[in-house]
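Here's a quick briefing on the chain below. Have the sequence and the 3D view open as you read.

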Amino acid sequence: MNARLIFLPLLFFNPDAQAALKWERLRADLAPGPKEKSIEARFPFVNEGTTTVTIESLKSSCGCATAALDKKVYAPGEKGEVRARFDIGQRRGLQTKTIAVKILNEPTATILTLAVAIAEPMKLQPALVVWEKGEAGKPKVMTLAALPGQPIRAVKVTSTDPRMHTTVETGKDGESYTINVTPESTEMAGFATLTIEAETAGTTQTLRAYAQIKPAAQ
Amino acid sequence: MTRIRAALRQFAILAALAIVPAVATGLLHPKRSNFTDRIREGEITVADAMRNWSDCLWIDARTAGYFASQHVPGALPLNEDAWADLLPAVLQAWPTGRPAIVYCDSQACEASEDVAKRLREFGVGPVFVLKGGWPAWLAAQKK
């Protein structure tokens, strides 16, 4: 091969086009505690280039995640960090959100990822039971299941509508509970929010479920 | 002839060197172009929503401030910041079997996907995510 070809790859390597910021990490895996309302992650970086870097913008993929910088311009060798904050709200399960860091004169943004695993200490299935207006008001069943090794110790159910009755049956070793929901009557449309309080892993968890008597299908 | 062959060979090598990163960028880059602009599973366009589901339930997955300033007529707010407070109104307004269409700020916004996923668990009716979100709906009104 012609020796000059060895230098061909240099045609595609433009140092100015390389991201001058070296990131300590591009992904943060977070596991907030059951009582935390928000959680933060830091993404440190250093400008390893020979020119000043200007961060134009930080754009989050979700209103639940915000990001901030102390300043926008970083001299060669200077360190900085993006501080990201995730508001848990009433989210659950694994939440993967991104923050796009746009640098002046760079064609593509650097993507920082926040992976937040929000624990679900128990599962309720189904979370909605429905009767049609006039239907026989037979009991409908919801099942509350514990995670392996985290038995549920006490379950209390309250209803916003006193005409929607509930009873709770304990399953084996606190691994599951059966919640029976029975309407007093299905003659009128109605809706009740059921608040389920249960103790597991030393904390009291609150879940919501719903019981509805729907008008006949139109 | 030999020089032409050598030139062609160099051209082929150059092309190959350029194609590899280009293909990798096209396939793997998080901001890659969406050449096909295809509809993903569970998505619906504004045109299809208007054509097929004029009686759908619109769900606004944006934050309260955006909803308060403007929203699709008849839409109900539902987001994961206030899920437990907002959900009862949605369940009461959602007739069995009728579709719900969820939208948020833009195509890049993930809130509508998250809300749609949770709504599907209730099994009331089909749940779609509006392709392009609120800007797509606004643009369709100007046509």
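In this predicted model, strand S16 (residues 190-200) of chain A pairs with S17(A) in the antiparallel sense, and 11 bridges hold the pairing. S17(A) has another partner to look at too: strand S11 (residues 128-132) of chain A, which runs parallel to S17(A).

**The S16–S17 hairpin**
- To find the register, start at Ala198(A), which sits opposite Gln205(A) in S17(A).
- S16(A) and S17(A) form a hairpin with 2 residues between the strands.
- Check the backbone at Ala201(A) in this hairpin: its phi is positive, near 50 degrees.

**The S11–S17 pairing**
- S17 spans residues 203-214 of chain A, and 5 bridges link S17 to S11.
- Here the residue to click on is Leu128(A), with Tyr210(A) of S17(A) standing opposite.

**The chain as a whole**
- How many helices and strands does chain A have? The count is 0 helices and 17 strands.
- Chain A is more spread out than a compact globule, because its radius of gyration is 27 Å, well over the 17 Å that the globule rule gives for 218 residues.
- Along the principal axes, the C-alpha atoms of chain A fill a box of roughly 85 × 45 × 45 Å.

**Burial and contacts**
- Of the 218 residues in chain A, 24% are buried.
- Take the contacts in chain A between residues at least 6 apart in sequence: 63% of them join residues at least 24 apart.

Technical notes. Residues numbered from 1 in each chain as written. Chains lettered and ligands numbered in written order. Predicted model: local features only at pLDDT ≥ 70, side-chain atom pairs only at ≥ 80, totals over all residues. Helix = DSSP H or I, 4+ residues; strand = E, 2+ residues; numbered from the N terminus. Rg over C-alpha atoms; globule rule 2.2 N^0.38 Å. Buried ≥ 20, exposed ≤ 12 C-beta atoms within 10 Å, placed from the backbone. Contact = placed C-beta atoms within 7 Å. Pairing = 2+ DSSP bridges.
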